[in-house]
Amino acid sequence: MKLLDGKYLSSLLKEEIKKDVEQLVLDGGPVPHLAAILVGNDGASETYVASKIKSCAETGIRSTLIRLAETTSEAELLQKIEEVNQNKDIHGLIVQLPLPKHISEEKVTEAIHPAKDVDGFHPVNVGRLCIGMPSYVSATPSGIIDMLERYDIKTSGKHCVVIGRSNIVGTPVSILLSRNKTPGNCTVTLCHSKTPNIKEFTTQADILVVALGKPGFITADMVKSGAVVVDVGITRVMDPTKKSGFRISGDVNFEDVAPKCSYITPVPGGVGLMTIISLLKNTLKAAKKEIYQNN
């Protein structure tokens with residue numbers, strides 16, 4: 001069993017991104033600039049945004065954090081998004097989720113200009129992905145693909161089973177792994193909450209991607225010997241033995257499953273760190289106008 005080590009790989013990729021940013025500026029290009037809008041004071045969101053800002057600083061990417069009160073109206077948020085859309089000095093924009101209940105995530109997602117949608121959530125970018133056009137790919141699926149590629153995991157002709165069909169992870173990663181590229185060319189089975197007898201599918205998987213949000217859901221009897229297991233889950237589980245009062249758990253029972261795998265991601269230290277890398281790469285692409293040349 002080998003670890004798909006997100007900590008090691010993200011550190012390596014940050015250095016590559018930093019060099020690319022330096023070269024872009026040396027060539028007379030702009031310093032890539034990412035803006036993040038944070039509405040309210042959700043603890044997990046604060047942590048995620050702080051990590052993204054830190055990663056920007058480490059790679060030479062400029063960042064701007066726009067803080068808005070929990071009571072900010074939907075109209076006010078949409079106006080702020082439009083201001084950033086019109087600001088040519090800002091190349092990428094993310095609005096940290098979740099949002100307060102009185103604000104529509106769908107309206108917010110659609111309000112971000114596709115050329116600045118470095119989260120890859122806008123319907124235009126999702127549509128371009130589906131038909132094989134250049135697009136910003138949502139960060140977690142993109143990070144998974146980077147991980148498989150960097151660890152030289154063969155995907156062509158393999159059976160990949162994806163558990164979870166969210167627009168952020170499950171659906172896009174199933175598309176990426178089925179397309180005629182490397183990594184890709186998998187036969188993909190997409191399972192979800194309405195799939196009966198999930199074990200029948202997981203035990204057939206050469207590559208198993210789990211994005212359910214159910215701690216420890218995948219056990220050893222659900223995985224075939226030699227499988228590659230990618231655990232996207234990250235859930236806080238109460239644990240009185242920890243100083244914080246909780247521990248971070250993935251969707252895979254790591255101790256149980258790891259001995260059967262050829263490769264497996266740890267949680268934490270796996271896919272989560274790769275997600276931020278993808279966001280940085282998309283911001284760099286935006287500054288270079290690689291996807292949308294006329295914006």
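**Exercise 1. Helix α5 and the residue after it**

Task: In this predicted model, find the glycine just after α5 and state the sign of its phi. Then determine which residues of α5 are buried and how they are placed around the helix axis.

Solution:
- Step 1. The glycine is Gly132, which follows directly after α5 and has a positive phi of about 85 degrees.
- Step 2. Within α5, the buried residues are Asn125, Arg128 and Leu129.
- Step 3. Viewed down the axis of α5, these buried residues fall within an arc of 100 degrees, so they line one face of the helix.
- Step 4. The general spacing rule is that an α-helix has 3.6 residues a turn, so residues three or four places apart point the same way.
- Step 5. The element against which the buried residues of α5 pack is α7.

**Exercise 2. The surroundings of Asn125**

Task: Decide whether Asn125 is buried or exposed, and list its contacts beyond four places in sequence.

Solution:
- Step 1. Asn125 belongs to helix α5, which spans residues 123-130.
- Step 2. The cut-off for buried is under 20% relative accessible area. Asn125 has 1% relative accessibility and therefore counts as buried.
- Step 3. With neighbours within four places set aside, Asn125 contacts Pro114, Asp117, Ser135, Tyr136 and Tyr292.
- Step 4. For Pro114, the separation is 11 residues along the chain, and the C-alpha atoms are 6.5 Å apart.

**Exercise 3. Two threonines**

Task: Classify Thr171 by accessibility, do the same for Thr140, and describe what each one touches.

Solution:
- Step 1. Thr171 sits in helix α7, residues 170-178. Its relative accessible area is 25%, so Thr171 is partly exposed.
- Step 2. Outside the four nearest places in sequence, Thr171 is in contact with Gly164, Arg165 and Ser166.
- Step 3. With Arg165 there is a polar approach: a polar side-chain atom of Thr171 lies 2.9 Å from the backbone oxygen of Arg165.
- Step 4. Thr171 and Leu190 are 19 residues apart in sequence, with 7.9 Å between their C-alpha atoms.
- Step 5. Thr140 is part of helix α6. At 12% relative accessibility, Thr140 counts as buried.
- Step 6. Beyond four places in sequence, Thr140 touches Val169, Val232, Val271 and Thr275.

**Exercise 4. Strand order and pairing**

Task: Write the strand order of the six-stranded sheet, name its edge strands, and trace how the chain passes from β2 to β3.

Solution:
- Step 1. The six strands form an open sheet with parallel pairing, in the order β1-β11-β8-β7-β5-β6.
- Step 2. The edge strands are β1 (2-3) and β6 (187-191), each of which pairs on one side only.
- Step 3. Inside the order, β8 (residues 228-231) and β11 (residues 263-264) pair in the parallel sense over two bridges. Val229 has Ile264 of β11 as its bridge partner.
- Step 4. Strands β2 (residues 33-39) and β3 (residues 62-68) also run parallel and are joined by seven bridges.
- Step 5. Between β2 and β3 the chain passes through helix α2 (residues 43-59), giving a right-handed β-α-β crossover.

**Exercise 5. The nonpolar cores**

Task: Give the number of residues in the largest nonpolar core and name the element that supplies the largest share.

Solution:
- Step 1. The largest nonpolar core has 45 residues, and Ile144, Leu177 and Val209 have the most contacts inside it.
- Step 2. Elements giving two or more residues to this core include α1 (6-26), α6 (139-150), β5 (159-163) and β7 (207-210).
- Step 3. The largest share, nine residues, comes from α10.
- Step 4. Another core lies apart from this one and has 17 residues, including Ile163, Ala258, Cys261 and Ile264.
- Step 5. As a general tendency, nonpolar side chains in soluble globular proteins tend to be buried together.
- Step 6. Leu177 touches, among others beyond four places in sequence, Ile145, Leu148, Cys160 and Val209.

**Exercise 6. Backbone exceptions in loops**

Task: Locate the cis peptide bonds before Pro183 and Pro268, and the positive phi values of Asp152 and Asn185.

Solution:
- Step 1. The bond from Thr182 to Pro183 is cis, with omega near -5 degrees. Pro183 lies in the loop between α7 and β6.
- Step 2. The bond from Val267 to Pro268 is cis as well, with omega near -5 degrees. Pro268 is in the loop between β11 and α10.
- Step 3. Asn185 is not a glycine, yet has a positive phi of about 60 degrees. Asn185 is in the loop between α7 and β6 and is partly exposed at 29% relative accessible area.
- Step 4. Asp152, in the loop between α6 and β5, has a positive phi near 55 degrees. Its relative accessible area is 52%, so Asp152 is exposed.

Terms used
Residues are numbered from 1 along each chain as its sequence is written. This is a predicted model: local features need pLDDT of at least 70, side-chain atom pairs count only at pLDDT 80 or more; totals for chains, interfaces and linings use all residues. Side-chain values use heavy atoms; hydrogens and water are left out. Two strands pair if DSSP finds at least two bridges between them. Helices (H or I, at least four residues) and strands (E, at least two) are DSSP runs, numbered from the N terminus. A crossover is right-handed if, with the strands pointing away from the viewer, the path from the first strand over the helix to the second runs clockwise. Buried means under 20% relative accessible area, exposed over 50%, partly exposed in between (1.4 Å probe, protein chains only). Contact means heavy atoms within 4.5 Å. A polar contact is a pair of N or O atoms within 3.5 Å; within protein, one must be able to donate a hydrogen and the other to accept it, and residues adjacent in sequence count only if both atoms are side-chain atoms. A nonpolar core is a set of buried Ala, Val, Leu, Ile, Met, Phe, Trp, Tyr and Cys residues joined through side-chain atoms within 4.5 Å. The arc is that of the directions from the helix axis to the C-beta atoms.
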